[in-house]
Amino acid sequence: MNSLFNAENPFWEAMERLFDLFILNLLWLLCCLPVFTIGPATAALHYAVINLAEKEEHSVTKDFRKSFWLNFRQGIRLGVPLTATGIFLLADIVMSYRSGTGIYTFFLFFFSFLFIIYCFVVMYVFPLLAKLDRTCRELLILAFTLSIRHLGKTLLILAVLAFGIWSCHLFPGLIFLSFGLVAELHALLLLPVLKS
């Protein structure tokens, strides 16, 4: 019975981890509300989750706040154009899909290909911003290079992200945990890459 209430019991450790991810997910959602702060909020989420994955003893809320303000300006300089680019590409994909056949089929595949490359870059650039001190241009180039060099991991990360978004569509309540879980899986896959 004592082992059930032991703080080092694997069940309670898992519950503590889920609670930390819930808090980080909530902070990320709140900080994304102004929209233009998506960049620094995403970098902060990755910073805190990478620290969790490295099993460092840190407060997740302090880690999130620290990274959010440290990367605020650069996060906005990356986040705003990347968000606008994503919206532009998605709008083009939808318009090409609805327009029918012919030249629009070519545009559908063209913009879909560009969107996949865009996703590759976005999935790497914010964790890199969280952990490295580089210019925006250097971060984008490094994100693209790493995403292609580690294509298998990149595709797995993309699948995890797609599953997380799809699960939120099926069960809307998961929006309060799903992105934290996705970020943790993302961190576990990226840690060897970031350390190399």
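**View 1. Phenylalanine 111 is a buried ring, at 14% relative accessible area.** Buried here means under 20% relative accessible area, exposed means over 50%, and partly exposed is anything in between, using a 1.4 Å probe and protein chains only. A quick note on what you're looking at: this is a predicted model, in which local features need pLDDT of at least 70 and side-chain atom pairs count only at pLDDT 80 or more, while totals for chains, interfaces and linings use all residues. Residues are numbered from 1 along each chain as its sequence is written, and side-chain values use heavy atoms, with hydrogens and water left out.

**View 2. Phenylalanine 88 and phenylalanine 111 meet edge-to-face.** Rings of Phe, Tyr and Trp (its six-membered ring) pair up if their centres lie within 6.5 Å; planes under 30 degrees apart are called stacked, over 60 edge-to-face, and the rest tilted. That rule gives a count of 13 aromatic pairs. In the pair of phenylalanine 88 and phenylalanine 111, the centres are 6.5 Å apart and the planes make an angle of 90°. Phenylalanine 88 belongs to helix α4 (residues 72-99) and phenylalanine 111 to helix α5, so the pair ties together parts 23 residues apart in sequence. For helices, read DSSP runs of H or I with at least four residues; strands would be runs of E with at least two, and both are numbered from the N terminus. Phenylalanine 88 is partly exposed, at 49% relative accessibility.

**View 3. Phenylalanine 107 stacks with phenylalanine 111.** Their ring centres sit 6.1 Å apart with planes at 25°, so this pair counts as stacked. Both phenylalanine 107 and phenylalanine 111 are in helix α5, four residues apart, or about one turn of the helix. Phenylalanine 107 comes out as partly exposed, with 31% relative accessible area. Zoom out a little and ring pairs join Phe88, Phe106, Phe107, Phe110 and Phe111 in a cluster. Also worth finding is alanine 91 in helix α4, whose C-alpha atom is 9.5 Å from that of phenylalanine 111, 20 residues along the chain. Alanine 91 is partly exposed, at 34%.

**View 4. Helices α5 and α7 cross at roughly 90°.** The axes of α5 (residues 103-131) and α7 (residues 151-170) come within 10 Å of each other. These axes are lines fitted to C-alpha atoms, for helices over the stretch in contact, with angles running from 0 to 180 degrees between N-to-C directions. The two helices are therefore roughly perpendicular, on a scale where angles under 35 degrees count as roughly parallel, over 145 as roughly antiparallel, 65 to 115 as roughly perpendicular and the rest as oblique. On the α5 side, Cys119, Phe120, Met123 and Tyr124 meet Leu151, Lys153, Thr154, Leu155, Ile157, Leu158 and Leu161 of α7. By class, this contact of α5 with α7 holds nine nonpolar, one polar and one charged residues. The classes go like this: Ala, Val, Leu, Ile, Met, Phe, Trp, Tyr, Cys and Pro are nonpolar, Asp, Glu, Lys and Arg are charged, and the others, Gly among them, are polar.

**View 5. Leucine 161 sits in helix α7.** Leaving aside neighbours within four places in sequence, leucine 161 is in contact (heavy atoms within 4.5 Å) with Met123 and Val182. Leucine 161 is partly exposed, at 26% relative accessibility. Its C-alpha atom is separated by 9.2 Å from that of serine 178, 17 residues apart along the chain.

**View 6. Arginine 17 and glutamate 184 form a salt bridge.** Here that means a side-chain nitrogen of Lys or Arg within 4 Å of a carboxyl oxygen of Asp or Glu. A search of the whole structure turns up one salt bridge. The closest N and O atoms of arginine 17 and glutamate 184 are 2.5 Å apart. This pair links distant parts of the chain, 167 residues apart, with arginine 17 in helix α1 (residues 10-32) and glutamate 184 in helix α8 (residues 178-195). Arginine 17 is partly exposed, at 24%, while glutamate 184 is buried, at 10%.

**View 7. Glutamine 74 is a buried residue, at 13% relative accessibility.** Glutamine 74 lies in helix α4. Beyond its neighbours within four places in sequence, glutamine 74 is in contact with Leu129, Arg134, Thr135, Cys136 and Leu139.
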